[in-house]
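This briefing covers metal sites, cysteines, strand pairing and backbone geometry in one structure. The points are grouped by topic for reading alongside the coordinates.

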Amino acid sequence: MKVVLLGTAAGGGCPQWNCACPVCTSGAPARCQDGVAVSANGCDWYLVNASPDVRTQILATPELAAGPGPRQTPVRGVLLTDAELDHTLGLMMLREGGGLRVWASRTVLGALDEGFPVRRILGGYSGWEWSELTAGRARDIGGLRVTAFAVGDKRPKYARASAAEGPWVVAYRFDDPATGGAFVYAPCLAGWPDGFDAFTAGAGYVLLDGTFHTAREFGGATGAAGTTAPQAAMGHLPVAGEGGSLEHVRRLRTTRPDTRWAYTHLNNTNPMADPDSKEHLEVCEAGAEIPADGTRLEL
Ligand code: MLT
Ligand code: MN
Ligand code: ZN
């Protein structure tokens, strides 16, 4: 299986257009909004999440270049981890393509028909199929065995009043039966859920939620403390500190030498986004990676 990390920043990207926080003004390499592309054969590709940067990401990725026919594309479909705008606005940018299939949980498909009615809007442009993926039930997609794992019920702001039951957020595991390789993509983790150890067992690469380095970074970096929703309500387990995801990486690394752990969906306030920061260095020394956009994997 081949994997391309198309974008590694949280909603807004890094730098964010209206932000002059220390990271946004650090001169660190820019990061597009989070998403990956996966392929079993190197010819047929599936996007996981469609960020508003998806057009730029596709044009920057030779594997996803249009052709060989005048209106052909190797992009076959899109899987969604959630219904957040940073993961779904890109569907609008793909409206020129017909015949794509989009997979998501029933709850996410519902949100994309109501609060953010992208399915109805796109219905006037493209003949797309919308398919439900049930968490825990593996499906064959493009030669890969794909399993969704429910990781949280944080709703997008536009769907705050929705009474729909979850899962609102899932992680995906891709198993390649030809190579035995496995890739886990979990850009939004409200916590370290029960069963997540087992879900990641045997994976060669696990891409985790790296939105925040610490539990109080958001208000501190933006001067927004007390004026916005508390960071803890934003549904992203911090990396560092007690109970942070890095503790779990440290714990599991000792018994899983063949697993690489990495962070994506970095918020622009997260000092880890700057490769010259001490936080970046510390996380790498603890045994996790902080890949740049365009990183490629073979599993
Ligand atoms: C999130 O990951 O919490 C959301 O995407 C935030 C946003 O609306 O950008
Ligand atoms: Mn997000
Ligand atoms: Zn910023």
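## Metal sites and local geometry

Aspartate 86 and histidine 265 are both buried. The model is a predicted one. These two residues coordinate the manganese ion (ligand 2), Asp86 through OD and His265 through NE2, at 2.1 to 2.3 Å. Aspartate 86 lies in helix α2 (residues 85-88) and histidine 265 in the loop between β12 and α9, so the pair ties together parts that are 179 residues apart in sequence.

**Histidine 265**

- Histidine 265 has a positive phi, near 55 degrees, and is a residue other than glycine.
- With a relative accessible area of 4%, histidine 265 counts as buried, because the limit for that class is under 20%.
- The NE2 atom of His265 is a donor to the manganese ion (ligand 2), and the residue sits in the loop between β12 and α9.

**Zinc site**

- The zinc ion (ligand 3) has the donors Cys19 (SG), Cys21 (SG), Cys24 (SG) and Asn268 (OD1), at 2.1 to 2.3 Å.
- The angles among the four donor atoms of the zinc ion (ligand 3) are 98 to 119 degrees, and the site is tetrahedral.
- The site counts as tetrahedral because all angles lie between 85 and 135 degrees, the range required for four donors.
- Along the sequence, the donor residues of the zinc ion (ligand 3) follow the spacing C-x1-C-x2-C-x243-N.
- Cysteine 24 and asparagine 268 link distant parts of the chain, 244 residues apart. Cysteine 24 is in the loop between β1 (2-7) and β2 (35-39), while asparagine 268 is in the loop between β12 (260-264) and α9 (278-285).
- Asparagine 268 is buried at 3% relative accessibility.
- Cysteine 24 is buried at 12% relative accessibility, and cysteine 19 is buried at 18%.

**Cysteines and disulfides**

- How many disulfides are there? The count comes to zero.
- A disulfide is a covalent bond between the sulfur atoms of two cysteines.
- Why is the sulfur of cysteine 284 not in a bond with the closest cysteine sulfur? That closest sulfur belongs to cysteine 14 and is 15 Å away, which is too far for a bond; a disulfide requires the two sulfur atoms to be within 2.5 Å.
- Cysteine 284 is partly exposed, at a relative accessible area of 32%.

**Histidine 280 in helix α9**

- Histidine 280 is located in helix α9.
- Is histidine 280 buried or exposed? The residue is buried, with a relative accessible area of 11%.
- Apart from neighbours within four places in sequence, histidine 280 has contacts with Met272, Asp274, Pro275 and Ile290.
- Histidine 280 and alanine 215 are 65 residues apart along the chain, and their C-alpha atoms are separated by 16 Å.

**Seven-stranded sheet**

- Seven strands form an open sheet in the order β6-β5-β4-β3-β2-β1-β14, and the pairing is mixed.
- Which are the edge strands? They are β6 (129-132) and β14 (296-298), each of which pairs on one side only.
- On average, neighbouring strands of this sheet are turned by 20 degrees against each other, with direction ignored.
- Strands β4 (residues 75-79) and β5 (residues 101-104) run parallel and are joined by three bridges.
- Glycine 77 has arginine 101 in β5 as its bridge partner.

**Cis peptide bonds**

- The peptide bond joining glycine 67 and proline 68 is cis, with omega about 0 degrees.
- Proline 68 is in the loop between α1 (54-59) and β4.
- A cis peptide bond also runs from glycine 166 to proline 167, where omega is near 10 degrees.
- Proline 167 lies in the loop between β8 (144-152) and β9 (169-175).

**Positive phi at asparagine 49**

- What is the phi of asparagine 49? The angle is near 75 degrees, a positive value in a residue other than glycine.
- The loop between β3 (45-48) and α1 holds asparagine 49.
- Asparagine 49 is buried, with a relative accessible area of 2%.

Note on methods:
Residues numbered from 1 in each chain as written. Chains lettered and ligands numbered in written order. Predicted model: local features only at pLDDT ≥ 70, side-chain atom pairs only at ≥ 80, totals over all residues. Heavy atoms only, no water. Donors = N, O, S within 2.8 Å, 3.2 Å for Na, K, Ca; no water. Tetrahedral: all angles 85-135°; square planar, octahedral: opposite > 155°, others 65-115°. Helix = DSSP H or I, 4+ residues; strand = E, 2+ residues; numbered from the N terminus. Buried < 20%, exposed > 50% of the residue type's maximum accessible area, 1.4 Å probe, protein only. Contact = heavy atoms within 4.5 Å. Pairing = 2+ DSSP bridges. Axes fitted to C-alpha atoms, helices over the stretch in contact; angles between N-to-C directions.
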